[in-house]
Amino acid sequence: ASQTPPHASTQPSSTTALDTMSALGAFASAPTAALGARSRISRRGALGTNDAKTVGIRPPTVRIRGPRAQAVSTAVELLPPAIANPDSCSRAMEFTVRKGAVPYKDEAVDCDIFVNDGAREAIRANGAERFVHLIEPNNPKLLKLLKIMEDGWDRIGVRAKNAGHHSLWPEAFEAGKALLEEAFPEECDPKYGGEVLAGVAFVGDDMKDRAIDFMQRRPKTDFTMSKYNPLGRLHRDPDAIDYKQPGWMEAAMPGSGAPGDEDGYSYRYYNVWLARTPLDPSGQVWENPLCLLLPKEKGAREWTYEIRTPEDNEGATEETLGEKAGRIAKNPLSAAPIIMKAFSFKKTRKEDQFEFQDENYMKRGSPELVPDDTHVWVTHPFVCFDSFDMWHGAAKWSSDSAKSDVKAELCNGAKDVMRARQDASKGRVSMELRFRARCKPAGV
């Protein structure tokens, strides 16, 4: 097993946040400033009374003012929400694999999902280092990006309706670029001939309002309604429902060449995926982990998939009233989207809810991954991955057995049980930034 790198999450729960704060000033800068009272002596002249008597001048009156509190502003920056709870990641060393329901085409299948050191070892053993990189929570470049994400979450992201063109958030993409250069130097770092380009260029500059270079995802039960929920369908980004302008590949990848063409570029597409809601003690999101399928034979071969057509969606079962009532009883705030939808005058057809949808998406068919016992799944709360070559989607944590409820055990075993339960009820909120990278020679 690989050694655990410096990781804020491996420290005892009582010191995790403090260790992170002391090591990384970006989220722990607290200038010391005295906040108290002091007496001031106000005078018009010098207190040298001997000189005053000598020249016949009346000694100045000494006025002593009472103590006056002087307010001093103290700049204290908090840790990002994902790692703000000291219990977050406090037991990460205990977990290398967890059970999760992976959303295959016909039904979810319980699979082993490797986490923490288990995920690192799986990536190494499968030769997938060029496709996926797990970002440590104490990485200064990550903390810089998380701070940028928090500062602009409402001001930029929510204002743009949770998705938009990379030009709306240049500082976030610049910080994401630094992470990619560190994760995949041969493909992204200029020192090796690589170059990171912000955005995926599915649409041209004349259609920026339909771009999805960044995306904020919220659970369906979140109080704040969002059309972007954790996507419970396995996909690769070229196959996704996102709108793509005709001829986008030529426009997005200029100068691309065939393998062996030394004059052409080789392009790769990457996602920088970030959890925003608090992490659980095992070091993962409480709900809907992003599961990533490691490439087959180091990317040399494709995993088997089928094509879903519109007819495959006929007869799909929806949530019953009883199921809705049970869900609302557990989390009353989850009723907010239902109530708001009931009073909405907007169109309710699913295809009308997505202004960035490809209208020909279902007509041409949707690739769907076929279950395979040799699939190797990993997850991590902060990750860079090749979104064109790796199948990914939102799974659901499941128990190891009928007698074991890992989520409940993590909550009840937390130092602050009440806070853990509150964090666990929030679902999963996340953000992803999308990039292209090009390098020479082609085919490398």
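Phe202, Trp248, Tyr269 and Phe388 form one aromatic cluster. The exercises below concern this cluster and other side-chain contacts in what is a predicted model.

**Exercise 1. Classify the ring pair Phe202 and Trp248, and state which parts of the chain it ties together.**

Solution.
- Step 1. The structure holds 10 aromatic pairs. In the pair of Phe202 and Trp248, the ring centres are 5.0 Å apart and the planes stand at 80°.
- Step 2. Planes over 60 degrees apart count as edge-to-face, so the pair of Phe202 and Trp248 is edge-to-face.
- Step 3. Phe202 lies in the loop between β9 (195–198) and β10, while Trp248 belongs to helix α7 (residues 248–252). The pair therefore ties together parts that are 46 residues apart in sequence.
- Step 4. Phe202 has 6% relative accessibility and counts as buried. Trp248, with a relative accessible area of 12%, is buried.

**Exercise 2. Decide how the rings of Tyr305 and Trp391 are arranged, and whether each residue is buried or partly exposed.**

Solution.
- Step 1. The rings of Tyr305 and Trp391 are 6.0 Å centre to centre, with 50° between the planes. This aromatic pair is tilted.
- Step 2. Tyr305 sits in strand β13 (residues 305–308), and Trp391 in the loop between β16 (382–386) and β17 (392–394). Parts that are 86 residues apart in sequence are thus tied together by the pair.
- Step 3. Tyr305 has a relative accessible area of 37% and is partly exposed. For Trp391 the value is 1%, so Trp391 is buried.
- Step 4. Tyr305 has a further contact: Arg236 lies over the face of its ring, at 5.3 Å from the ring centre.

**Exercise 3. Name the residue that lies over the face of Trp153 and give its distance from the ring centre.**

Solution.
- Step 1. The residue is Arg276.
- Step 2. Arg276 is at 4.1 Å from the ring centre of Trp153.

**Exercise 4. Work out which parts the salt bridge between Arg120 and Glu136 ties together.**

Solution.
- Step 1. Side chains of opposite charge can pair when their charged atoms come close. The structure holds 24 salt bridges.
- Step 2. Arg120 and Glu136 meet in a salt bridge through their side chains, at 3.0 Å from N to O.
- Step 3. Arg120 is in helix α3 (residues 116–125), and Glu136 is in the loop between β7 (132–134) and α4 (140–158), so the pair links parts that are 16 residues apart in sequence.
- Step 4. Arg120 counts as buried at 15% relative accessibility, and Glu136 counts as buried at 13%.

**Exercise 5. Find the strands that hold Arg217 and Glu432, and state how far apart in sequence the tied parts are.**

Solution.
- Step 1. Arg217 and Glu432 form a salt bridge, and their closest N and O atoms are 3.1 Å apart.
- Step 2. Arg217 belongs to strand β10 (residues 214–217) and Glu432 to strand β19 (residues 430–439), so the parts tied together are 215 residues apart in sequence.
- Step 3. Arg217 is buried at 9% relative accessibility. Glu432 is buried, with a relative accessible area of 6%.
- Step 4. Elsewhere, Arg130, Glu187, Arg268 and Asp386 are joined into one network by salt bridges that share partners.

**Exercise 6. Decide whether Glu94 and Arg91 are buried or exposed.**

Solution.
- Step 1. Glu94 forms a salt bridge with Arg91, with the closest N and O atoms 3.0 Å apart.
- Step 2. Glu94 has 53% relative accessibility and so counts as exposed.
- Step 3. Arg91 has 18% relative accessibility and so counts as buried.

How values were computed: Residues are numbered from 1 along each chain as its sequence is written. This is a predicted model: local features need pLDDT of at least 70, side-chain atom pairs count only at pLDDT 80 or more; totals for chains, interfaces and linings use all residues. Side-chain values use heavy atoms; hydrogens and water are left out. A salt bridge is a side-chain nitrogen of Lys or Arg within 4 Å of a carboxyl oxygen of Asp or Glu. Buried means under 20% relative accessible area, exposed over 50%, partly exposed in between (1.4 Å probe, protein chains only). Helices (H or I, at least four residues) and strands (E, at least two) are DSSP runs, numbered from the N terminus. Rings of Phe, Tyr and Trp (its six-membered ring) pair if their centres lie within 6.5 Å; planes under 30 degrees apart count as stacked, over 60 as edge-to-face and the rest as tilted. A charge sits over a ring if NZ of Lys or CZ of Arg is within 6 Å of the ring centre and within 35 degrees of the ring normal.
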